[in-house]
Amino acid sequence: MKTRKSLIAAVAGAGVLSLALATLPLAQADPTGPPTYRKLAGGGSDTTQSLMNALAEIVVDNGEKVLGSYDAIGTPTITTKDPAANAKCKDITRPNGSTAGRDALQRSLAANDGCFQWARSSSSRGSYTSAISMAWVPFATDALTFAVRADGDVPRELTKAQLVAIFKCEVPSIQPALVQVGSGTRNSWLDYVGIPRDFQPSQYPCLVPQKDGGTFPGNLPQEHDGRELKKNQVMPYSAAVYQAQLYGTAPDRRGRAVLGVVDGIVPTIINTSFSGVRQVFNIIPTSKATDTSSLEYKVFVGKDSLICKAKPQINLQGFGDLVDPSKCGDTSSRS
């Protein structure tokens, strides 16, 4: 018999932790203090923003909160450091998605302006390389599945082969709703269905908005936002985020969306046979990942890091432990 473990439970029963999850406060968006400006500022992935917001409230060094986690959506700009001390970090374009967070960190490192020290990413590094090396540090597990409208026309149970056909534009009656460009969920889902991350609009026009040369009606949805999902559409969705939205520890943007089942396996269960299991990451400069005296090392690196020791909070935010817990905080994936 395969070992099955709830997305929101590491060692306890899902029912017990579901109740606990329901009583947790909503994770604070954009740090408000104290202190308002944190030593380690980061943005990026929508998938892990509520999780990292929650961790930012409990990860402390010498009694001080050190993580500043900025949401993927909100005001157009953010200020990550005290402008009286560092004017360069005032009114920066808010990074929306894993790619934007990664790129904002890389630009900050290149400029040596101190505005960003880390970034959230729900997708792996892939083939990305950069002028200044960065490390993708895994710390939790998600289950990436699909969502459809509860009152829609798309079946709630599909095989992976059917999902591949839908997203390769081979099922005209079903409209795939690939999420916004730059999203880590977008990249992870493209990997999952076997489509290159840098595909051309002519290859899969149903995934591209009409204004950009494709056939998708309107704008692509924000990841994990089912409020505009149409009855004939199917979109990728994080089961962990759905759980957090359901129990009130993340903003509820489900609308009428319900999670689908892939190959008969319920997506809120992690086991080795579920095809959508993925790691989520924080990105930090490699120079800090190898500096045992750095604050980044203390917070992110190794199974004894402050992040990896926060497993109860990670689980209560809907995410699971890594399949191999010893890999928490690993820094071997570098650009």
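**A buried aspartate and its surroundings**

Hi everyone, let's start with Asp 71, which is buried and yet has no salt bridge. The nearest side chain of opposite charge belongs to Arg 120, and that is 5.3 Å away. A salt bridge here needs a side-chain nitrogen of Lys or Arg within 4 Å of a carboxyl oxygen of Asp or Glu, so a distance of 5.3 Å does not qualify. Please keep in mind that we are looking at a predicted model.

Where do we find Asp 71 along the chain? Look at the loop between strand S5 (67–69) and strand S6 (77–78). What does the side chain of Asp 71 make a polar contact with? Its partner is the side chain of Asn 53, at 2.9 Å. Leaving aside residues up to four places away in sequence, Asp 71 also touches several others, including Ala 29, Asp 30, Arg 94 and Arg 120.

Two of those names belong together. Arg 94 and Asp 30 form a salt bridge, with their closest N and O atoms 2.8 Å apart. This pair links distant parts of the chain, 64 residues apart: Arg 94 is in the loop between strand S7 (92–93) and helix H3 (98–111), while Asp 30 is in the loop between helix H1 (14–23) and strand S2 (40–44). Both Arg 94 and Asp 30 are buried.

Now for the other salt bridges. The count comes to 14. One of them joins Arg 149 and Asp 151, at 2.7 Å from N to O. Arg 149 is buried, with a relative accessible area of 15%, whereas Asp 151 is partly exposed at 32%. Elsewhere, Arg 38, Glu 57 and Lys 65 are joined into one network by salt bridges that share partners. Within that network, the closest N and O atoms of Glu 57 and Lys 65 are 2.7 Å apart.

Next, the rings. There are six aromatic pairs in the structure. In one of them, Phe 167 and Trp 189 meet edge-to-face, 5.4 Å centre to centre with 65° between the planes. Phe 167 lies in helix H4 (residues 160–167) and Trp 189 in helix H5 (residues 184–193), so the pair ties together parts 22 residues apart in sequence. Are these two rings' residues buried or exposed? Phe 167 counts as buried at 1% relative accessibility, and Trp 189 does too, at 0%. Tyr 192 joins Phe 167 and Trp 189 in one aromatic cluster.

Finally, a view of the whole chain: it has nine helices and 16 strands, and buried residues make up 56% of its 335 residues. Thanks for listening!

Terms used: Residues are numbered from 1 along each chain as its sequence is written. This is a predicted model: local features need pLDDT of at least 70, side-chain atom pairs count only at pLDDT 80 or more; totals for chains, interfaces and linings use all residues. Side-chain values use heavy atoms; hydrogens and water are left out. Rings of Phe, Tyr and Trp (its six-membered ring) pair if their centres lie within 6.5 Å; planes under 30 degrees apart count as stacked, over 60 as edge-to-face and the rest as tilted. Helices (H or I, at least four residues) and strands (E, at least two) are DSSP runs, numbered from the N terminus. Buried means under 20% relative accessible area, exposed over 50%, partly exposed in between (1.4 Å probe, protein chains only). Lys and Arg count as positive and Asp and Glu as negative; His and the chain ends are not counted. A polar contact is a pair of N or O atoms within 3.5 Å; within protein, one must be able to donate a hydrogen and the other to accept it, and residues adjacent in sequence count only if both atoms are side-chain atoms. Contact means heavy atoms within 4.5 Å.
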